Amino acid sequence: MASELEFERPLAELRRKIAELRQFAEEKRLDLSAELQTLEEKYRQMEEDIYSRLEPWQKMQLARHTARPTTKDYIERLFTSFVELHGDRLYGDDPAIVGGIGKFEGRPVTVIGHQKGKDTKENIARNFGMPHPEGYRKALRLMKQAEKFSRPIICFIDTPGAYPGMAAEERGQSEAIARNLREMASLTVPVICIITGEGGSGGALALGVGNHIYMLEH
């Protein structure tokens with residue numbers, strides 16, 4: 001990761017040693033494959049040991065890590081011919097939720113997900129992945145469109161929760177979440193939900209009703 005957490009520092013140090021030894025072997029044209037293999041095996045064992053006994057707060061730190069892939073990262077790597085669609089056709093667009101149409105292994109699908117930022121500036125623009133009502137209504141609009149054209153829906157979930165501000169409440173935050181829950185439960189196309197980071201409260205549930213729900217281990 002770009003900035004390791006405190007409990008990950010032993011892994012980062014060993015990773016740097018492996019990189020330095022590999023570079024040294026290449027520069028001096030030495031065969032250090034046995035030493036590298038030993039260090040890499042030590043790294044795998046250390047990694048397994050650290051991540052198998054994480055404390056609850058350490059798991060939360062991983063879920064909130066700024067270096068985690070975002071929905072747009074997954075879209076870029078998993079889907080082809082992706083076209084992002086904007087707006088809820090009622091109020092406006094919400095950058096905290098991205099969605100659109102793409103192809104997964106050649107099959108047209110609708111992709112929707114929470115979107116956090118990679119840095120402070122982008123996080124402010126994306127509202128730290130906390131959607132307003134128009135974000136959930138945009139998501140529902142895309143789901144209904146997917147149902148009309150018989151496209152499977154894939155949702156990526158990573159949010160601390162729905163935005164609790166006054167403006168969001170005035171525009172019907174709770175109603176938007178409740179409507180998504182009701183409508184997603186009756187969709188006639190397959191829905192796959194994948195929790196890739198945080199899954200906070202109703203803000204996550206509003207994209208989390210599906211035929212199959214998966215969660216990354218950390």
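Two aromatic rings of Phe, Tyr or Trp count as a pair when their centres lie within 6.5 Å. Keep that cut-off in mind, as it sits behind a group of four residues here: Tyr74, Phe79, Phe104 and Phe156 form one aromatic cluster. What you're looking at is a predicted model, so let's walk through it piece by piece.

## Two domains

The domain assignment splits the chain into domain 1, residues 6–53, and domain 2, residues 71–215. Taken over C-alpha atoms, the centres of domain 1 and domain 2 are 39 Å apart.

## The sheet

How many strands form the open sheet, and in what order? There are 6 strands, running β1-β2-β3-β4-β5-β6, with mixed pairing. At the edges you'll find β1 (80–84) and β6 (212–215), each of which pairs on one side only. Direction ignored, neighbouring strands of this sheet are turned by 20° against each other on average.

As for how strands hold on to each other, pairing goes through backbone hydrogen bonds, and it can be parallel or antiparallel. Strand β5 (residues 191–199) and strand β6 are a parallel example, joined by 4 bridges. If you want a spot to look at, find Ile192, which stands opposite His212 in β6.

A helix joins the scene too. Helix α4 (residues 71–78) lies across β1, β2 (97–104), β3 (107–114), β4 (153–159) and β5. The angle between helix α4 and β2 is about 10°.

## A loop residue with plenty of neighbours

Now hop to Leu85, in the loop between β1 and β2. Is Leu85 buried, partly exposed or exposed? Its relative accessible area is 22%, so Leu85 is partly exposed, given that buried means under 20%. Leaving out residues up to four places away in sequence, Leu85 touches Gly99, Gly100, Ile101, Lys138, Arg141, Leu142 and Gln145. Take Ile101 from that list: Leu85 and Ile101 are 16 residues apart in sequence, yet 7.7 Å apart in space, C-alpha to C-alpha.

## Rings meeting rings

Back to the aromatics. To describe a pair of rings, you give the distance of the centres and the angle of the planes. The count for this model comes to 4 aromatic pairs. One of them is Phe7 with Tyr51, an edge-to-face pair with 6.4 Å from centre to centre and 85° between the planes. Phe7 is in the segment before α1 (9–28), while Tyr51 is in helix α2, so this pair links distant parts of the chain, 44 residues apart. Both rings belong to buried residues: Phe7 has a relative accessibility of 13%, and Tyr51 has 19%.

Another pair brings us back to the cluster. Phe79 and Phe156 have ring centres 6.4 Å apart and planes at 80°, so this pair is edge-to-face. Phe79 sits in the loop between α4 and β1, and Phe156 in strand β4, so the pair ties together parts that are 77 residues apart in sequence. Phe79 counts as buried at 7% relative accessibility, and Phe156 counts as buried at 3%.

## Charged partners

Salt bridges are next, and the count comes to 16. Here are some of them, with the N to O distance of each.

| Salt bridge | Closest N and O atoms |
|---|---|
| Arg44 with Glu41 | 2.8 Å |
| Asp49 with Arg53 | 3.0 Å |
| Lys144 with Glu183 | 2.8 Å |

The Lys144 and Glu183 pair links distant parts of the chain: Lys144 is in helix α6 (residues 133–148) and Glu183 in helix α8 (residues 173–185), 39 residues apart. Lys144 is partly exposed, at 34% relative accessible area, whereas Glu183 is buried, at 14%.

Arg44 and Glu41 stay within one helix, α2 (residues 33–51), where they lie 3 residues apart, about one turn of the helix. Arg44 is partly exposed at 44% relative accessible area, and Glu41 is partly exposed at 33%.

What about Asp49 and Arg53? Asp49 counts as partly exposed at 37% relative accessibility. Arg53 has a relative accessible area of 53%, so it is exposed, since exposed means over 50%.

Salt bridges can also join up: Arg64, Lys116, Asp158 and Glu198 are linked in a network of them.

How values were computed. Residues numbered from 1 in each chain as written. Predicted model: local features only at pLDDT ≥ 70, side-chain atom pairs only at ≥ 80, totals over all residues. Heavy atoms only, no water. Salt bridge = Lys/Arg side-chain N within 4 Å of Asp/Glu carboxyl O. Helix = DSSP H or I, 4+ residues; strand = E, 2+ residues; numbered from the N terminus. Buried < 20%, exposed > 50% of the residue type's maximum accessible area, 1.4 Å probe, protein only. Domains from an automatic or database assignment. Pairing = 2+ DSSP bridges. Axes fitted to C-alpha atoms, helices over the stretch in contact; angles between N-to-C directions. Contact = heavy atoms within 4.5 Å. Phe/Tyr/Trp six-rings, centres within 6.5 Å; stacked < 30°, edge-to-face > 60°.
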